[in-house]
Structures are given as structure tokens and as C-alpha cells.
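Student: I should like to work through some backbone and strand details with you. Could the model be shown before we begin?

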Amino acid sequence: MFSMKQVKLCILVFFISFISSGQAQIKIDAEVRPRFEYRHGFKTLFPNDADPAAFVSQRTRLNAAYKKEKLNFYLSMQDVRVWGDVPQLNSADKNGFSVHQAWGELLFNSSISLKLGRQEILYDDQRIMGSVAWAQQARSHDAALIRYNKEKFKLDLGFAFNQDGESLTETILTTSNTYKSLQYVRLFHDWEYFSSSILFINNGLQFIDLDNDGNNETRYSQTIGTHLIYTKEKLGFVSNLFYQFGNDVSNNNLNAYLLSLEGSYEIEKNLKLSIGGELQSGNDDGTPIDGDNNAFTPLYGTNHKFNGLMDYFYVGNHINNVGLIDVYAKANIKLKPKSTINIGVHNFMAAADMPGDESKQLGTEVDLVYSYDFQRDINIKAGYSHLFASDGMEILKNNTDGNTNNWGWIMVTIKPTLFTTDQ
């Protein structure tokens, strides 16, 4: 965290350096993104004798990009807060600025580079690795990335190794919400109407035995798969095919998969329809049995984009459970040059057997999102979602109260460019 005095000094130093840097390309921009939410059954079924939640959260960012000869540099500082969590007459800010991204990229030639530091890592439709931009804090990694990019072929090699801090002995990571070690390779090729990527991830999670330090170890799972896109004229298809194996952090043997296919057609210039389905494997009765785990985990993806906007699945929940079958239809409607409406309807089912042989039907969700570009740097979005829960969802969420479950929100994104040398 940084004090405001440190932030101002940092900005001044960078600005002076940028101005005096000759032929460098410089861009300084900012973002203010307040979002009001009304939650009455968001992420889980709404209980009896409870009041709905309502609040305004806000993300504020200051970004600086620098490009010159064989160097790209990027710094993104952010503050994330809920309106009211700091008193009006505060003597010190509760939150402070944090570093969301801070990386440098060394350009060895026109094709090969090395990117080092805290950075967002996102590929394809962000199903497995994404920036989670919907979350005010978003996601970034401390990583090293070797990149090869030539014409229509790309190759990325990524490496990360996490610690609690500097130490003289041991390499035990006690933070539970991140990986201990990560290595991945991603290949991409683009053709005229078709593109394909292959992603392999070696994901190491820290296991800590509270009774025996000698058993502490990093346990690795592997994820491999492909993202396929076909687009020709008004017709498009997108597919994800992934398989997970190795061991989870509890040392269960992993044998899990994700399969998805979506087709879209642009009926006319202002109307695009899509239908699709996704299957993520799961465990019978919602738990690994006899050392085997058949539940797929979408790792570090932007899960809010998938399986309904109310985040009932895979957004800090539904891990190692009964899996999911999501069959959906979507419509994208352009009302005017600056306005769009997105409509989505999802039907959810369990992929594995439910506890007690209950029905696999989980429910149906309807999502509506309206977007309006007020001007170049200002966008306004509003959304409403409603979940019609089935008996299976009540079993899954351990709530049979039968209340209405809905969620509404409105968000304003202001992203001005403060300074640039680009012409």
C-alpha cells in the first residue's frame, strides 16, 4: 500500500522521466468505475429472515505505459473500496493504492521478448486464464513470460514461483488463495477462417501438514486443452476442450474434463444470436471418493463470463462438486450506434449424480445487460438477473426456503487519457 504523498511523488518522477525521454511513446490514463449492486440471492440462494444487500463499490486506477526501442514498461496502480468504508473526516485512507500491474518487457528482436513483473495473463476467451476484469480488484500474476510472435504464429512460455516473503530457510507458502508454482506453454496459430490455440499448465499448490512439517510439499496438477474458433461471413463457432490430470492439493488423483461448443449467427447487422453448451465433469454426491477427483476446475479464468452472471458456479464456489451442464441461448441487439442489449438464458444441470439420487436439474437463469457509450471515455452499463431455482439447487446450496433470487446493478466506467505522445 502507498500513501497519497508517495503516489504523488511516484507520478511526478515518472512524468519527468517520460517528458525527458526523447523518442519514447508515452501514455498516461486513468479509470474510475463505481458500481451499485442490489443482491437478493447473488452467488447463493437467499435465506429467510435476511435483508438484501445494497452497496456501491469502486475501482480507481492510474496507468502509465512507456515504449522505447527495446523496452516496454507498464505501471498500473489501483484503489478498491466500498463507499463508506472510510469515514468522511478520515485522517488516513483505509485502503491506499496497491500495484495491480508493474512489468517491463525486453524486446530482443521483432519476434522474441521477455516480460517480467506483476502482470495480467489472459488468453482466448479467458476460460482458463483471464484478468477477471468484472471484479473491482481484478487478477494479476507475479511472473516471467517468454514470448515468440511471428506473423500468424505465437508461442508463450510462462513461469511463476510464489513466497510469503524473503527468508533464510524453507520455501513454504502459507497464503492459501494462490499457487505455489506455475509453468505453462501456449501456442496459437491463425488461418483465414480458423484459429487454434493449445494451452498446457503445470499448476503447483502448497500442501501444509500441520502435524508433520516433513510432509509439506507442492502438489501438481496438469491441464491441457485447446480453444478453437471458426468464423466465416455471418457464421461462427467457438469451442473449448480441456482435460485435467495429476493430483489436487489433497493428493486425490485428478481425472476431469471441460467440453464446450457455441454457435453464432448474425441474422442482420444489429442482431446476433448464439446457442451453446458447456460440460464440466464432477464428482458423484459432490465429493471426491476413494482418492479420485473427477471435478474440473477452470483454474484462473474469468469465470464471471460463463455459466450465468449471478456467479453460482466456479466463482469462489462449486469446487470439487457435482460439475455442471450449462445449455444456453444469447442475443446481442444493437439499438443505436452507442447502445446494445445482451440477453442470456441458461439452463443448469449437475454433470454427476446428486446426493440422495435427487434430480440433476438445478435451475434456469435469465440475464439482461444494457450498455450505452455516453461518449468516447464514458460507458454506462446496467443489468438484471433472475434465477429460477430447482430442487437440485436447493440441495446443492443447502437452502429450501424458496425465496426469490435476483440481482441488479448499474456501473459507470470513466477512462480518460490524461497524457499521450501518440499523434
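Student: Is Val132 buried or exposed?

Tutor: The model is predicted: local features need pLDDT of at least 70, side-chain atom pairs count only at pLDDT 80 or more, and totals for chains, interfaces and linings use all residues. Residues are numbered from 1 along each chain as its sequence is written, and side-chain values use heavy atoms, with hydrogens and water left out. Val132 lies in the loop between β5 (112-119) and β6 (141-150), where strands (E, at least two residues) are DSSP runs numbered from the N terminus. Because its relative accessibility is 17%, and the term covers values under 20% relative accessible area (exposed being over 50%, partly exposed in between; 1.4 Å probe, protein chains only), Val132 is buried.

Student: Which phi value does His318 have?

Tutor: His318 belongs to the loop between β14 (292-293) and β15 (324-336). With a relative accessibility of 8%, His318 counts as buried. Its phi is positive although the residue is not glycine, with a value near 60 degrees.

Student: Why is strand β19 described as largely enclosed by the rest of the structure?

Tutor: Strand β19 covers residues 405-414. The description holds because, of its 10 residues, the number buried is seven.

Student: Which residue in β19 is the bridge partner of Arg39?

Tutor: Strand β1 (residues 25-40) runs antiparallel to β19 and is joined to it by seven bridges; two strands pair if DSSP finds at least two bridges between them. The partner of Arg39 in β19 is Trp407.

Key:
Helices (H or I, at least four residues) and strands (E, at least two) are DSSP runs, numbered from the N terminus.
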